[in-house]
Each structure stands twice: as structure tokens, then as C-alpha cells.
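Student: I have a new structure open and would like to be walked through it. Could we take it slowly, one topic at a time?

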Amino acid sequence: MKKIRIYLPIIACCFLASCDKGFDEMNVNPIALTAVDPGYQLNTAIVNTAPGYGNLSYETTIVKQMITPFSGQGSAANFNQDNRGVASGNWNTYYQTNIKELTDVVAKTKDLPARSNLYNMARIWKAYSFMLLTDTYGDIPYTQAGKNYLEGIATPVYDTQESIYTAILSELDAASAGLDASKAKVASDVLYDGDVTKWKRLGYSLLLRAAMRLSKVNPAKAAEYVAKAVAGGVMQANADNAIIRHNANFTNPVGSQLNGGQSAFFYLAEDFVTFLSKNNDPRLASIAVRYVGATSGAQQVEARANRTPGVQIGAPLGYDNTTISAAVTANKLASLWDYSQLDRTRMAGLAAPSFLVTYAQTQLLLAEAAFRKWTTGDPAVLYANGIRAHMQQFANYGASTAIADAAITTYVQANPLAVGKELEQINTQYWVASFLIGPEAWANFRRSGYPILTPNPYPGSDLKTEPFIRRLTYTDAELNVNKTNVEQAISRQGPNLLDTRIWWDKK
């Protein structure tokens with residue numbers, strides 16, 4: 001036993017010494033990633049941009065394209081309520097992923113001539129992401145955003161929206177011009193497969209979009225950058241559309257909601273259906289389905305499905321599921337589940353594409369710019385091109401959603417641009433062409449004032465001074481963690497309310 005007492009510690013020491021030798025190497029995972037290729041980081045930011053649940057609860061409802069009469073955790077624009085849990089969607093999605101990833105990509109590639117195309121593509125997508133954020137919330141972190149890892153900035157300052165737009169315009173102009181087809185192709189690119197020409201057209205089309213945001217606050221600057229966008233070369237056809245293509249492994253976020261637990265909750269809004277119906281718009285047949293006679297969500301089955309435009313009835317705003325019975329009776333429906341819905345087997349399918357920036361939108365913005373004499377071209381022709389392009393876009397959802405050329409021609413010929421109504425018609429068509437791209441539909445509605453919509457009359461609204469929601473509120477997390485900087489932004493911009501207008505949104 002004495003020998004045991006004497007020699008065991010010696011043996012243990014020897015054992016420990018041998019284990020300690022090379023210990024650091026033994027505890028490193030040999031297959032773990034030690035660095036991420038910036039091309040894949042760009043892809044992450046791109047696919048992360050697909051509109052999701054908040055798009056249904058706020059943006060598409062604010063502009064009266066979609067509506068749910070149901071209350072609960074998703075209560076938002078349907079009742080003009082400030083639901084911070086939903087309103088924070090864009091903030092969390094973009095700051096936690098897009099801005100963080102893209103800031104890192106730009107930092108990694110800015111001094112690498114061989115990766116200049118990736119560098120400029122990331123700059124374009126970063127500008128796009130920031131434009132969506134500032135259009136949603138107003139003043140936001142910009143110059144210091146996404147730099148916690150790189151520079152240890154955990155509580156970034158908030159920049160004014162005016163300064164952010166100045167930077168966005170400059171970035172889009174420079175990054176688009178900096179793309180070079182003679183340099184290395186970004187083969188991993190999920191958006192355009194590294195096609196530099198299409199990325200250039202996207203960049204300049206976004207520059208046009210950003211320039212038009214300034215139409216009320218700085219027309220001269222708007223005209224200046226419209227001219228730069230046109231000279232650089234905007235989208236030329238639907239083949240240039242920025243589309244996120246979904247599949248079984250990465251399903252459409254809106255489709256996932258409408259084919260899952262939210263399937264019976266969301267309906268097409270009365271204003272949207274009525275506009276399409278009154279104008280004999282062939283897009284209605286591709287968008288809508290009505291489960292005729294359904295008295296519950298469980299009865300919304302294919303046997304009841306009717307996609308005929310003449311039977312579609314949009315759900316009115318101003319009600320919840322306990323008060324909508326009067327409207328149901330007036331519409332001679334079986335129940336609220338009998339209203340028209342976005343067809344979840346087609347446009348809201350799990351594999352349906354997500355459109356972000358389109359040729360149709362670009363043509364309609366050019367139509368307005370030409371009407372304002374900020375660029376050349378015939379506004380009427382550009383307007384017709386925009387309508388036609390959007391209708392042709394429906395073929396991307398499948399053969400059953402495609403619109404026949406004859407129907408497109410009939411509609412375009414029956415709805416020419418009328419003298420004295422140019423801005424209203426152009427921007428109303430932009431509203432339709434931006435269906436399911438809620439952030440853009442809402443932004444252009446605030447900028448242009450069109451389409452002319454009646455406010456949501458739901459009682460108990462959180463709105464105090466405005467008939468429509470003008471911005472979404474800062475997150476509770478920011479108010480807790482970054483309080484000083486948020487409060488500075490609020491003191492400069494206005495109260496942290498749904499009513500507060502952002503810089504470019506002037507009456």
C-alpha cells in the first residue's frame with residue numbers, strides 16, 4: 001500500500017503531462033469552419049430579404065391589399081395598432097443578418113482588386129437593405145451599424161434619414177459603375193449567377209427608386225440621380241428582375257405562413273379586389289381564390305375553390321372577427337371564411353418566387369420621371385410597358401397563373417394613360433405591380449399619395465394625428481440597450497409613434 005501511495009501520484013503526473021502535450025491541437029475541430037467565404041455571406045443576405053410574416057401584418061395591410069380580421073399576437077395594421085413584436089420584424093431581420101453580413105463582406109473585399117465585383121455587389125445589396133430599413137423606421141444606425149465585431153461598436157449612433165439617402169445614392173451610383181465584366185465572376189451568386197450586366201441594371205434601377213423617393217423633399221437632386229440611373233442603364237426586361245427562387249429546402253416565407261397555421265386568417269382586401277374587378281384586370285384571376293360557402297377554415301378546401309374573377313369578394317377593413325358579421329351579411333356570404341384569399345396553391349405556394357425589384361416597377365418609375373421631365377421618353381409608353389411587364393411576370397408562378405398575351409393587350413389598350421391623371425394612374429399601377437412586395441408598395445404609397453384609399457376605420461386605433469400608418473416604431477430592445485442614441489433620434493425626428501412622418505414623407 002505504501003508503494004501505491006508513493007507511485008500513483010508519479011504515474012498520474014506522467015499521465016497528465018502526456019495528455020497536456022498537444023492538448024490545444026487535440027481540442028480543435030479539424031473540420032470546423034475558421035472563415036466564411038464572403039460570396040456565401042452575400043447569398044445569406046440576399047435570401048434573407050424575402051418578405052415574411054410582418055409583410056402581411058403591416059405593409060400589405062396598410063396599403064389595403066391584404067387583411068385579417070383576427071386579433072391576437074398578430075394584431076397590427078389590421079387594427080392600426082403598434083405591435084412591437086411584429087413591427088420589429090424588419091429591424092431584427094436586417095440588422096441581425098443583412099447589415100452584419102454585408103458590412104463584413106465589404107470590409108473583407110474592399111482592398112482586393114480580384115474580388116471587386118463581389119465588393120460592389122455587396123455594396124448594392126447593403127444600400128438596398130438600408131433603404132428598406134430607413135423607409136420603415138426613419139432615422140436609423142447607418143455609419144456605425146454592423147461594426148460590433150469589426151470595431152467593437154455595440155451601441156451605434158442614429159443617422160438622419162436625409163444623410164442616409166445621400167449616402168445610399170452615392171453608394172448605388174459608385175457600386176453600379178464599379179462593376180466590371182472583365183473581372184472575376186462571382187460564380188456563387190444566387191441572384192444572377194454572377195452576371196455583372198444584370199447586377200449593374202439592378203444597381204441603377206435601385207438608384208432610380210432611391211432618387212424618386214426625393215420627389216417631394218428635393219426634386220432637383222431627384223432629377224439629378226434619375227438622369228444618372230438612366231445613363232447607367234436600368235432593367236431592360238423581366239429577365240433582369242431580382243427574384244429569390246424558393247424550393248422545398250427554402251420555402252417562400254409568405255407561402256409558409258399561408259399554407260400553415262395562418263391559412264384561414266388572411267384575406268384579400270376589399271379595395272384591392274374591387275380595383276382589379278372594376279377594371280376587368282386579368283391579374284385577379286391569377287391572384288385570387290374564394291372557397292365559396294365555407295363556414296370555417298376547415299372548409300377552405302379545393303372542392304369549394306372558385307378562381308373566377310366575377311365571384312371574388314374582398315374583405316373590408318374596420319372589423320374584427322366578432323364584428324364583421326354585418327359585412328358578411330351585406331355581402332351575402334356564408335361567413336368571414338367565404339371572402340377571397342390569395343391563392344396559396346399558386347402565388348402563395350411554398351415554392352413561389354419572391355420578387356424584390358422588377359422591370360415593371362422600373363418602367364412605372366420611369367413613366368413618372370418622364371412625366372416630371374426628369375428624363376426622356378413617352379410617359380404613356382413607359383406606363384403601358386410597366387403594366388404589360390407585370391402581367392407577364394405572372395408566368396413565373398406557373399402555367400395556371402400565366403396571363404395570355406391577348407388578355408394583356410386588351411387591358412393595356414382599354415386603360416391608357418389619361419391627361420390630368422398621370423401621377424394617379426402611374427402610382428396606382430405601381431401599387432398593383434408591387435403586390436406582395438409590401439415594403440415597396442407602402443413606401444411608394446407614402447411618397448406619391450396614390451392610390452387614393454380610404455383609411456382603415458377600425459375603432460381604438462393607435463394613430464393620433466394621421467389616417468394611415470406612416471412609419472413603424474423602434475424596437476423595445478433598442479429602447480433598452482441603445483437608449484441614449486434612440487432618444488436623440490426621437491427628439492430629432494419626432495415621437496416614436498406610428499403617426500410620425502419620416503424625412504421624405506412630406507404632405
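Tutor: Let us begin with charges, where Lys and Arg count as positive and Asp and Glu as negative, while His and the chain ends are left out. Please keep in mind throughout that this is a predicted model.

Student: Okay, so how far apart are the mean positions of the positive and negative charges?

Tutor: The protein has 46 positive and 42 negative charges, and their mean positions are 2 Å apart.

Student: And what is the secondary structure made of?

Tutor: The secondary structure comes to 22 helices and seven strands. The protein is as compact as a globular protein of its length, because its radius of gyration is 26 Å, close to the 23 Å that the globule rule gives for 507 residues. The C-alpha trace spans about 100 × 55 × 50 Å along its principal axes.

Student: How much of it is buried?

Tutor: Of the 507 residues, 54% count as buried. As for the accessible surface, that comes to about 21,200 Å², and 55% of this area belongs to carbon and sulfur atoms.

Student: What about contacts between residues that are far apart in sequence?

Tutor: If we take the contacts between residues at least 6 apart in sequence, 75% of them join residues at least 24 apart.

Student: Let's go inside, then. Which residues touch the most other members of the largest nonpolar core?

Tutor: That core has 131 residues, and the ones that touch the most other members are Trp-125, Trp-199, Leu-202 and Leu-342. Helix H7, which covers residues 116-137, supplies the largest share of this core, with 13 residues. Apart from this core lies another, made up of twelve residues, including Ala-269, Ile-324, Val-328 and Leu-336.

Student: What is Trp-125 in contact with, leaving aside its neighbours in sequence?

Tutor: Once neighbours within four places in sequence are set aside, the contacts of Trp-125 include Leu-42, Ala-45, Ile-46 and Thr-49, as well as Asn-98 and Leu-102. Further along the chain, Trp-125 is also in contact with Leu-191, Trp-199, Leu-202 and Leu-356.

Student: I also clicked on Tyr-192. Where is that one found?

Tutor: Tyr-192 is found in the loop between helix H9 (161-178) and helix H10 (196-212). Not counting residues up to four places away, Tyr-192 touches several residues, among them Trp-199, Leu-202, Met-235 and Asn-241. Tyr-192 and Asn-241 are 49 residues apart in sequence, and their C-alpha atoms are 9.2 Å apart in space.

Student: It's in a loop, so is Tyr-192 buried or exposed?

Tutor: Tyr-192 counts as buried, because its relative accessibility is 7% and the cut-off for buried is under 20%.

Student: New topic: which helix holds Ala-229, and what does that residue touch?

Tutor: Ala-229 is found in helix H11, residues 219-232, and is buried with a relative accessible area of 0%. Beyond residues up to four places away in sequence, Ala-229 touches Tyr-204, Leu-207, Leu-208 and Val-234.

Student: And Ala-389, what does that one touch?

Tutor: Ala-389, which is found in helix H17 (residues 379-393), touches Asn-238, Tyr-359 and Ala-360, not counting residues up to four places away. Ala-389 is buried as well, with a relative accessible area of 2%.

Student: Which residues does a cis peptide bond join?

Tutor: A cis peptide bond joins Tyr-450 and Pro-451, with omega at about 5 degrees. Pro-451 lies in the loop between helix H20 (438-448) and helix H21 (476-481).

Student: What is the phi of Asn-80, and of Asn-280?

Tutor: Asn-80 has a positive phi of about 50 degrees although it is not a glycine, and the phi of Asn-280 is near 50 degrees, again a positive value in a residue other than glycine. Asn-80 is found in the loop between strand E1 (66-67) and helix H5 (84-87), whereas Asn-280 is found in the loop between helix H13 (270-278) and helix H14 (283-287).

Student: Are those two buried or exposed?

Tutor: Asn-80 is buried, with a relative accessible area of 5%, while Asn-280 counts as exposed because its relative accessibility is 66%, and the cut-off for exposed is over 50%.

Methods: Residues are numbered from 1 along each chain as its sequence is written. This is a predicted model: local features need pLDDT of at least 70, side-chain atom pairs count only at pLDDT 80 or more; totals for chains, interfaces and linings use all residues. Side-chain values use heavy atoms; hydrogens and water are left out. A nonpolar core is a set of buried Ala, Val, Leu, Ile, Met, Phe, Trp, Tyr and Cys residues joined through side-chain atoms within 4.5 Å. Buried means under 20% relative accessible area, exposed over 50%, partly exposed in between (1.4 Å probe, protein chains only). Helices (H or I, at least four residues) and strands (E, at least two) are DSSP runs, numbered from the N terminus. Contact means heavy atoms within 4.5 Å. The radius of gyration is taken over C-alpha atoms; the globule rule is 2.2 Å times the number of residues to the power 0.38. Accessible areas come from the Shrake-Rupley method with a 1.4 Å probe; for residues, only the protein chains shown count as cover. The place of a charge is taken as NZ of Lys, CZ of Arg, CG of Asp or CD of Glu.
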